[in-house]
Every structure is written in structure tokens, then in C-alpha cells.
Amino acid sequence: MPTPPTTEPREVTLGVGSAVHSTDMVLNIGPQHPATHGVLRLRVVLDGERLLHADPVVGYMHRGAEKLFEVRDYRQITVLANRHDWLSAFGNELGVVMGVEAMLGMEVPERAVWARTLLAELNRVLNHLMFLGSYPLELGAITPIFYAFTEREEIQAVMEEISGGRMHYMFNRVGGLKEDLPAGWLDRVEAAVAAVRGRLPQLEGLLVGNEILQARTKGVGVLSPELACAYGVSGPIARASGVDLDLRRDAPYLAYGELFAPGGPGRVVTRTEGDCLARLEVLLEQTHVSLDLAQACVERLRELPAGPVNQRLPKVLKVPEGERYTATENPLGINGYHLVSRGEKTPWRLKLRSASFNNVQVLSQLLPGELVGDLVAILGSMFFVVGDVDK
């Protein structure tokens with residue numbers, strides 16, 4: 001009689017990268033919008049409801065911007081550079097033009113310096129309000145995003161008036177700004193800042209102390225300061241973990257040296273908990289600080305005498321041979337611009353160090369051990385823009 005086939009269970013081994021686990025589930029999340037922050041793919045290994053391994057897969061929005069820089073002159077590259085983080089376009093422009101100006105040995109007029117600082121802080125408020133509205137939406141709270149967008153429209157109106165753009169401002173130029181401030185614009189900025197500051201407590205009232213939000217975020221996705229530093233995490237994500245670093249204070253540029261001096265309105269917001277709630281709290285408090293900085297810039301611009309806001313440039317702009325690394329404190333963290341010139345009218349190389357890239361890479365260490373139900377809460381609290389990751 002033939003031997004009957006064995007019915008003993010067989011062990012199935014599934015592997016992802018360096019993770020090999022017996023009878024565990026390998027799950028692809030994405031590349032659709034897992035948390036409404038763009039096209040990111042997460043490849044995770046699950047043991048029931050708990051994550052054992054997480055591998056963020058990026059590159060789905062890669063446009064090759066760094067190679068495009070090499071065939072465009074120094075006026076044209078600003079158009080490309082302001083687009084990778086579409087919520088921080090003005091800040092993106094700053095790093096490029098500041099690097100070029102430094103290599104040219106060019107001094108920017110004082111009015112342009114203070115106007116740039118004002119616009120950078122208004123752009124920071126726009127960035128933070130977006131996440132303050134969208135993050136609760138990802139947790140199931142619909143109302144806060146309407147409050148956040150109401151305040152965004154106040155700031156958007158003055159940004160659109162001065163630049164003509166709502167997202168990609170293209171108002172920076174090598175040597176200063178595109179044009180002078182419109183008549184009466186400072187009054188409208190001051191009114192917008194006052195309106196946002198006056199109504200911001202309504203948004204805070206929906207978030208601060210909310211029992212459901214705290215249950216979803218407190219103690220969830222804790223990022224240690226050591227891990228943040230090891231992965232180069234920066235900005236509000238790092239400061240929520242106790243990393244007291246802000247280039248506006250520590251390596252000041254534009255008018256930040258005066259604004260962050262003792263007695264000035266500038267201050268660095270930090271927390272020590274390092275969880276999702278701490279990251280939200282840092283973002284909320286930083287919005288208040290940026291409004292204070294914007295108000296200070298308005299007051300200084302009122303005091304300055306009339307004068308130019310840019311430098312006259314040659315018809316063909318060539319940067320002397322050499323290289324320079326310029327770093328700025330963008331709303332999402334530190335942006336770096338490594339510019340290499342061979343004396344031509346186009347960069348030989350312009351390497352971008354975008355804040356979101358490092359903030360996303362740390363997910364591979366942050367997510368293991370967490371529950372699937374907390375995945376979206378953690379992803380949303382990292383406050384990244386996928387275009388800023390992929391460039």
C-alpha cells in the first residue's frame with residue numbers, strides 16, 4: 001500500500017530586505033496616498049497588528065531637478081528650486097540665491113534683507129497651518145482643517161498680492177527681490193498677522209487638551225534625540241525630541257541675528273517627549289513665534305528709509321569658480337544647497353539636502369514595534385512633503 005502524503009504543517013518564511021521572519025505577513029502600503037502627504041510606499045512586515053520591520057520606498061515623484069539645474073542659468077534655476085517642498089516655496093528660493101550671492105561677494109540691500117525675512121516667516125506660517133489642519137484630518141477630525149485654511153487665506157492674500165503666486169512665488173532674485181513692496185502692503189500684512197493671531201486660539205481649542213487626539217498621539221511614535229541626530233532629522237520633528245537646534249539662532253542669516261538676539265522676539269520651541277503629540281505642539285507654538293517675527297519685520301521695514309531692494313545684474317550672470325554650501329532653516333527642517341561653479345553661467349553641480357528626506361528615512365527605525373492602528377498617526381506627525389523627499 002502506498003504511503004499516505006504527510007499532513008504536517010510547513011513553515012513559510014517571508015523576507016523583506018534584511019528582515020526574515022517566519023509566518024509573518026509582508027504588506028505593501030502605497031504607493032497611493034497612505035496619509036495624504038504624497039506618493040510614498042511603505043513595505044512592512046507584520047506580526048499580527050504589530051510592525052516588525054518598515055522600509056520606506058521613495059522616488060515615485062523624482063523629477064531629476066538636480067540634473068536640470070546644470071543646463072539652466074542662475075536666474076532659471078530658482079524656478080526649479082522653489083518647487084520640491086511646495087508648502088515652503090519662498091524658503092526654497094532663499095538658499096539658492098543666498099549661495100549665489102555669497103559666491104559673487106554680493107551685498108543685498110537692507111530693505112531686501114528684512115523683506116525676505118518677513119516673507120520667509122509668512123511662508124513658515126502657511127506651512128505650519130497646513131499641517132495643523134491636515135494632521136487632525138488624518139486622525140478623523142474634520143473641523144480643524146476649515147479653521148486652518150481660513151487663517152491660511154489671510155496670509156495667502158498678502159503673499160499673492162506681492163508676488164502674483166499662491167504657491168510658487170518666484171519673488172527672490174539674485175541680489176534681492178523682484179520689486180519693491182506695494183503701497184499699503186505692510187498695513188495689510190499687519191492686519192493679516194493680527195487676524196490670524198486673534199483667531200488662532202479657536203484652532204488651538206480644538207486640538208489642545210482634546211481627549212481623542214491625546215489618546216491617538218501621546219506616547220505614540222517616540223523618537224529619541226539620539227536617533228534623530230543619527231539620521232539627520234531636523235526642524236520641528238527634531239526639536240520635539242529635545243534637539244535644541246535652529247539655524248535662525250545658531251547660524252543666523254538674513255535678519256535673524258537681530259531677531260534671535262537676547263530680548264528679541266525669536267525663540268526656539270522644543271519639547272522632550274518626542275511623540276506625535278509633542279511634534280504637533282511644537283508646530284503650534286512655532287506658528288505663534290513666526291507671527292511675532294513677522295510683526296517685528298513689519299515694524300523694522302516701516303522705519304527703514306526708501307531705497308533699492310535689489311542689485312543691478314549683468315545681462316549674462318556668471319559665478320566665479322569655486323564651491324559653497326549654504327544651509328537655511330526651512331519650515332520642515334534644515335535645507336542645504338551645495339553649489340559648485342566652474343565660472344560659467346550655469347552651475348556645474350547643485351546638490352539639494354532637503355529636510356523631508358531625512359525625516360522620512362528615520363521611519364525604518366521609528367515604526368518597528370508600533371501598532372498598525374498607529375501607523376497613520378505617526379506618518380502624519382512627521383510633517384513631510386514627498387516632493388521634498390524625491391526632488
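Author: Welcome! pLDDT is the predictor's confidence in each residue, from 0 to 100. This is a predicted model, in which local features need pLDDT of at least 70 and side-chain atom pairs count only at pLDDT 80 or more, while totals for chains, interfaces and linings use all residues. Residues are numbered from 1 along each chain as its sequence is written, and side-chain values use heavy atoms, leaving out hydrogens and water.

Reader: What is the mean pLDDT of the chain?

Author: Residues reaching 70 or more make up 92% of the chain. Residues 1–18 stay under 50. For the chain, the mean pLDDT is 90.

Reader: Are helices H5 and H6 roughly parallel or antiparallel?

Author: H5 covers residues 143–163 and H6 residues 185–207 (helices are DSSP runs, H or I, of at least four residues, numbered from the N terminus). Their axes, lines fitted to C-alpha atoms over the stretch in contact, lie 9 Å apart. The angle between N-to-C directions, on a scale from 0 to 180 degrees, is about 170 degrees. Angles over 145 degrees count as roughly antiparallel, so H5 and H6 are roughly antiparallel.

Reader: Is glycine 175 buried or exposed?

Author: Glycine 175 is in the loop between strands S6 (172–173) and S7 (176–177), strands being DSSP runs (E) of at least two residues. Leaving aside neighbours within four places in sequence, its contacts (heavy atoms within 4.5 Å) include Glu101, Met106 and Asn310. Its relative accessible area is 0%. Buried means under 20%, exposed over 50% and partly exposed in between, with a 1.4 Å probe and protein chains only, so glycine 175 is buried.

Methods:
Angles under 35 degrees count as roughly parallel, over 145 as roughly antiparallel, 65 to 115 as roughly perpendicular and the rest as oblique.
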